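Q: Please take a close look at the metal site. Which residues hold the metal, and what is found elsewhere in the chain that supplies them?

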Amino acid sequence: MYNAGKIIIGIVIFLALITAPFWYNLGRPSAPPKLEIGTQEKQCVESKAFMQAKHMVLLDQWRDEVVRDGKRIYVNSTGKQFNMSLQNTCTKCHSSKTKFCDRCHTYLNVAPNCWDCHIAPKEQEKLAGRSDK
Amino acid sequence: MNAFASLVSALIAVAALAAISWFGVGAIGLDSVFGVIIPYIALAIFIIGVVYRIVDWARIPVPFRIPTTCGQAKSLPWIKADNLESPYNTWGVIGRMFLEVFLFRSLFRNTKAELREGPKITYASAKWLWLFGIMFHYSFLIIILRHLRFFMEPIPSFVDAITSVDGFFQIMVPTVFISDILFLGAVTLLFLRRVTLPQVRYISLPADYFALFLILGIGVSGILMRNYFKVDLLGVKNLAISLFTFHPVPPAGIHPIFYVHLFLVSVLIAYFPFSKLMHAGGVFLSPTRNLANVNRSERYVNPWNYPVKVHTYEEYEDEFRGKMKEVGIPVDKE
Ligand code: HEM
């Protein structure tokens, strides 16, 4: 091999960059966030699988229907009715934003700006401001 | 193969790959194969393949010093030398390399030649390739850095910073990223450039289209996943972290579009070392870029020269001094 010194430095840099996630996670036991649902209810607005993947779509749809069409009642797939409201419906069951929404969002680096305007449930008040983190 | 056949065969290949993963997970339930086994194998091929290619290149001797230059070489002190265009020391080489790798300087010089009426030949600058190339590579980089949110826990703060800048406009839920638009736009424009310019179309092979379609497929599947199908990202991150800690947990319940994305990425990285994409490593090993233009001031020895047995003048004189003196030939040493 010619220029072995330089080649080896290059290869080491390449390996370090590529394997960085392995080193970074080394010795950190991976613990998915513990979510506190915050309610005795058994059923969310829609099925659990739907909520996990698509709650933001649902919220977006609610927002549009309320703000644009003035329609405030949502009927879910099983026929149950809900008031289409972020701060009055979701948080009525999910009474802790920090231990539910935020834990999951922080784990996945999602920072919805909804709480800039909408009021988060009580526990949140001492940490007022934009605190999705 | 003609241009059309190349294009179609590459398109079919990528579509087939997408279909394999979609049905492999959706219909047959091979979640672990596409979620754990294939990504691990692909990563291993990528790492070993890239190191192998680099070492393989490094074993090839460079017989001559062959930098391509486009500026004044260093000569007399009162002639202004250009250290970037015609490097005369290591700093010049480093500067030139830096501009090449980070700003694609040689693409910026791209020109086109055209025959005009007369016939006269005209040359003009052609910056499209540079522009699309730079758009493509930087948006790709930003997307990969943003993806670290799935691969690292806790998420490093720079990932957070990049994500919020990238989602600056906050249009739609979830936010549309600027880099996504640039990425898809750039790959599409690179593709259009390839099919609309007759000369480029003529020299395009299936391998050229395959890489483009594969990358386009990755981008499209990623954006579909984010903005249309929606997948359980918590499940995705748990899977990714489990892979990176070598405790793979068989995934379950993630939408097949995720596996299409992951499988295309796996194919891309496994294909990388053996394809033209390896230019990423090759640019550092190009003798036309990484050597200084010092042909006149420093002797360059061809590394594959075998040791030539030489007989120097001193030795010659030592051998024949007596005889030389006898016939009156002048000698250096008495
Ligand atoms: C060559 C490497 C890759 C490229 C170019 C790429 C590209 C993209 C693009 C353009 C998007 C659209 C949304 C966004 O930008 O965040 C995306 C989303 C996504 N990618 Fe990738 N990706 C790559 C590798 C991976 C890998 C290895 C994974 C495995 C975990 C992955 C998982 C995802 C997921 C889960 C999303 C959806 C994000 C969301 O819904 O917010 N990607 N990808």
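A: The answer starts at the metal and then turns to a pocket, the loops and the domains.

This is a predicted model, in which local features need pLDDT of at least 70 and side-chain atom pairs count only at pLDDT 80 or more, while totals for chains, interfaces and linings use all residues. Residues are numbered from 1 along each chain as its sequence is written, chains are lettered from A and ligands numbered from 1 in the order in which they are written, and side-chain values use heavy atoms, with hydrogens and water left out.

The iron atom of the ligand has as its protein donors the NE2 atoms of His147(B) and His261(B), lying 2.0 Å from it. Donors here are N, O and S atoms within 2.8 Å of the metal (3.2 Å for Na, K and Ca); water is not among the atoms, so sites may look incomplete. The two histidines come from distant parts of the chain: His147(B) belongs to helix α5 of chain B and His261(B) to helix α11 (residues 256-271), 114 residues apart. Helices (H or I, at least four residues) and strands (E, at least two) are DSSP runs, numbered from the N terminus.

The arrangement is octahedral because the 6 donor atoms around the iron atom subtend angles of 84 to 179 degrees. Six donors count as octahedral if opposite donors are over 155 degrees apart and all others between 65 and 115. Ideal angles for six octahedral donors are 90 or 180 degrees. His147(B) is partly exposed, at 25% relative accessible area, whereas His261(B) is buried, at 11%. The classes are buried under 20% relative accessible area, exposed over 50%, and partly exposed in between (1.4 Å probe, protein chains only).

Helix α5 (128-151) of chain B also supplies at least two lining residues to the second largest pocket, as do β1 (111-116), α7 (178-196) and α8 (198-202). This pocket has a volume of about 410 Å³. Among its 19 lining residues, Lys112(B), Ala126(B), Trp128(B), Arg193(B) and Leu197(B) are the closest to its centre. On a 1 Å grid over the protein atoms alone, a pocket is an open set of points where a 1.4 Å probe fits, with protein on both sides within 12 Å along at least five of seven lines; lining residues have an atom within 4 Å of a point. The volume is the space filled by probe spheres set on the points, which are joined across faces, edges and corners.

Several loops of chain B have unusual backbone geometry, given that most residues other than glycine have a negative phi, and most peptide bonds are trans. The bond from Gly118(B) to Pro119(B) is cis, with omega near -10 degrees, and Pro119(B) sits in the loop between β1 and β2 (120-125). The bond from Val173(B) to Pro174(B) is also cis, with omega near -10 degrees. Pro174(B) is in the loop between α6 (157-166) and α7, as is Met172(B). Met172(B) has a positive phi of about 70 degrees and counts as exposed, at 55% relative accessibility. Lys230(B), in the loop between α9 (206-229) and α10 (233-244), has a positive phi of about 70 degrees but counts as buried, at 9%.

Chain B is assigned domain 1 (3-303) and domain 2 (309-334), with bounds from an automatic or database domain assignment. Their C-alpha centres lie 64 Å apart.

Note on methods:
Tetrahedral: all angles 85-135°; square planar, octahedral: opposite > 155°, others 65-115°.
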